[in-house]
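Reader: I am new to this structure. Could you pick out one buried cysteine, look at it closely, and then work outward from it?

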Amino acid sequence: MRVESPARVLVAPRKLDSRTVEADIPETGGLLEVEACGLCGTDHEQYSGALPGPFPFIPGHEIVGTVREMPPQTAKRLGINPGERVAVDIFQSCRACSACEEGDFRHCRTHGLLDSYGFISITKPPSLWGGYSRFVYLSEDAVVHRVPASVDPVVATLFNPLGAGIRWAVKVPRLEPGETVAILGPGIRGISALAACKSAGAGFVLVTGKGERDAVRLRVASEFGADAIVDIERDDPVRVLKKEAGGLAHVVVDVTAKAPGALAQAVSMSAPGGRIVLAGTKGSADTPGFIPDMVIYKELTIIGALGVDSASYEEALRLIASRHYPFEDLPRQVVGLEGAEEILRTMGGETHLEPPLHAVIAPQD
């Protein structure tokens with residue numbers, strides 16, 4: 001089957017070309033019509049060149065769409081049928097290696113990190129490997145998740161950041177009910193981590209932000225049930241924790257970007273024996289104010305978290321569908337393919353516009 005798909009192809013840093021990509025879809029593969037593709041900091045890092053990609057490639061890894069074509073054998077393997085709306089896992093799975101058998105597709109021996117959606121060169125047939133496109137190829141090794149019929153496709157793209165929140169803030173630190181949590185950074189992953197912690201029974205959750213740029217986001221955190229919000233330019237989160245939670249945090253989740261002082265702050269906010277999760281990429285090697293001895297004195301555990309497991313995506317879609325949290329009402333910006341470059345630049349603080357909390361490309365708009 002031959003397909004022509006309007007797309008945006010990143011051919012070099014800051015060079016996002018408009019193209020119609022012609023692709024021959026293998027008989028063993030399927031075709032997804034993209035309805036929405038969420039954006040995150042990784043998208044801007046790819047665009048700017050901070051995270052070099054396999055140029056040229058079609059970015060976009062938070063993909064939701066409807067299956068248009070799928071041969072019966074592949075439909076059985078993927079557990080879906082044509083006409084169903086699905087969210088596409090970033091990672092592919094051979095379904096045979098030990099990692100895949102354990103559900104950890106991030107470490108698939110056949111695919112792994114370098115062979116994941118939104119990160120594959122268009123020189124690899126059939127070229128349609130990213131969400132900045134009307135169509136995406138579903139390989140035999142794709143992993144997909146059914147989107148509940150009640151969930152709008154734009155909102156459904158939150159399966160990715162919310163899945164991250166579930167894994168990073170609950171599973172990785174092994175959060176126990178009643179524990180105190182501090183989340184550094186009120187971006188979409190910080191809000192997602194907040195929802196995940198509250199759903200898991202955290203006793204008290206504090207969310208920090210910095211200055212006027214985070215004012216709206218901190219208000220959203222309150223709407224999502226944060227027990228306390230702190231603008232670190234105006235107040236000391238350690239003081240707030242001691243006063244309102246009765247002590248420091250058992251778990252600190254750092255989802256900040258380009259905030260080199262966050263590690264020192266995480267250590268200061270941690271209770272003795274606490275766990276600190278460093279999630280997402282930091283974009284800096286600096287750690288001002290960080291005193292390694294404080295990690296020793298407090299006997300802290302510092303854990304790095306990269307990527308999301310498939311089970312967390314499933315949990316995220318169920319939580320979105322429950323409407324327990326106002327994900328539909330998040331401040332967001334949705335653009336078509338023609339608006340991709342401007343929204344990426346806005347997300348990176350390169351325009352006079354305020355970066356949206358939730359940014360989405362809808363290729364058909």
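Author: Cys97 is buried, with a relative accessible area of 10%. The model is a predicted one, and what follows describes that model. The sulfur of Cys97 has its closest cysteine sulfur in Cys100, at 3.6 Å. A disulfide needs the two sulfur atoms within 2.5 Å, so a separation of 3.6 Å is too far for a bond between Cys97 and Cys100. In general terms, a disulfide is a covalent bond between the sulfur atoms of two cysteines. The structure holds zero disulfides. Cys40 is likewise in no disulfide, the nearest cysteine sulfur being that of Cys37, 9.2 Å away. Cys40 is buried, with a relative accessible area of 7%.

The chain just before helix 3 (98-101) is the next stop. Arg95 sits in the loop between strand 5 (85-88) and helix 3. Its phi is near 65°, a positive value in a residue other than glycine. Arg95 is partly exposed, with a relative accessible area of 31%. On the other side of helix 3, the loop that leads to strand 6 (135-138) holds Pro126. Pro125 and Pro126 are joined by a cis peptide bond, with omega about 0°.

Strand 6 leads on to strand 3. The two run antiparallel and are joined by four bridges, and Leu32 stands opposite Val136 of strand 6. Strand 3 covers residues 30-39, and ten of its ten residues are buried, so it is largely enclosed by the rest of the structure. Strand 3 is also joined to strand 4 by seven bridges, again in the antiparallel sense. Here Cys37, the residue whose sulfur is the nearest to that of Cys40, has Ile63 of strand 4 as its bridge partner. A further antiparallel pairing, over three bridges, links strand 3 with strand 15 (residues 358-361). In that pairing Leu39 is matched with Ala359 of strand 15.

The loop between helix 1 (41-48) and strand 4 (62-69) contains Pro56. A cis peptide bond joins Phe55 to Pro56, with omega about -10°.

At the start of the chain, strand 1 (residues 2-12) and strand 2 (residues 15-24) pair in the antiparallel sense over ten bridges. Val3 stands opposite Ala23 in strand 2. The hairpin of these two strands has two residues between the strands, and in it Arg14 takes a positive phi near 65°.

Another enclosed element is helix 5 (residues 159-171). Twelve of its 13 residues are buried, so the helix is largely enclosed by the rest of the structure. Among the buried residues of helix 5 are Phe159, Arg167 and Trp168.

Strand 11 (residues 249-254) has five of its six residues buried, so this strand too is largely enclosed by the rest of the structure. Strand 8 (residues 180-184) pairs with strand 11 in the parallel sense over four bridges, and Ile183 has Val253 in strand 11 as its bridge partner. Strand 11 also pairs with strand 12, in the parallel sense and over five bridges. There the bridge partner of Val252 is Ile276 in strand 12. Strand 11, helix 9 and strand 12 together make a right-handed β-α-β unit.

Two members of that unit reappear in a pocket. Helix 9 (262-269) and strand 12 (270-279) each supply at least two residues of the lining of the second largest pocket. This pocket has a volume of about 180 Å³. Its lining has 15 residues, of which Asp254, Leu263, Leu278, Lys282 and Ser284 lie nearest the centre. By type, the lining of the second largest pocket divides into seven nonpolar, four polar and four charged residues.

One more positive phi is found further along the chain. Glu299, in the loop between helix 10 (292-298) and strand 13 (301-305), has phi near 55° and is not a glycine. Glu299 is exposed, with a relative accessible area of 64%, whereas Cys97, where this account began, is buried.

Methods
Residues are numbered from 1 along each chain as its sequence is written. This is a predicted model: local features need pLDDT of at least 70, side-chain atom pairs count only at pLDDT 80 or more; totals for chains, interfaces and linings use all residues. Side-chain values use heavy atoms; hydrogens and water are left out. On a 1 Å grid over the protein atoms alone, a cavity is a set of points where a 1.4 Å probe fits but cannot get out, and a pocket is an open set with protein on both sides within 12 Å along at least five of seven lines; lining residues have an atom within 4 Å of a point. Grid points are joined across faces, edges and corners, and a volume is the space filled by probe spheres set on the points. Ala, Val, Leu, Ile, Met, Phe, Trp, Tyr, Cys and Pro count as nonpolar, Asp, Glu, Lys and Arg as charged, and the others, Gly among them, as polar. Buried means under 20% relative accessible area, exposed over 50%, partly exposed in between (1.4 Å probe, protein chains only). Two strands pair if DSSP finds at least two bridges between them. A crossover is right-handed if, with the strands pointing away from the viewer, the path from the first strand over the helix to the second runs clockwise.
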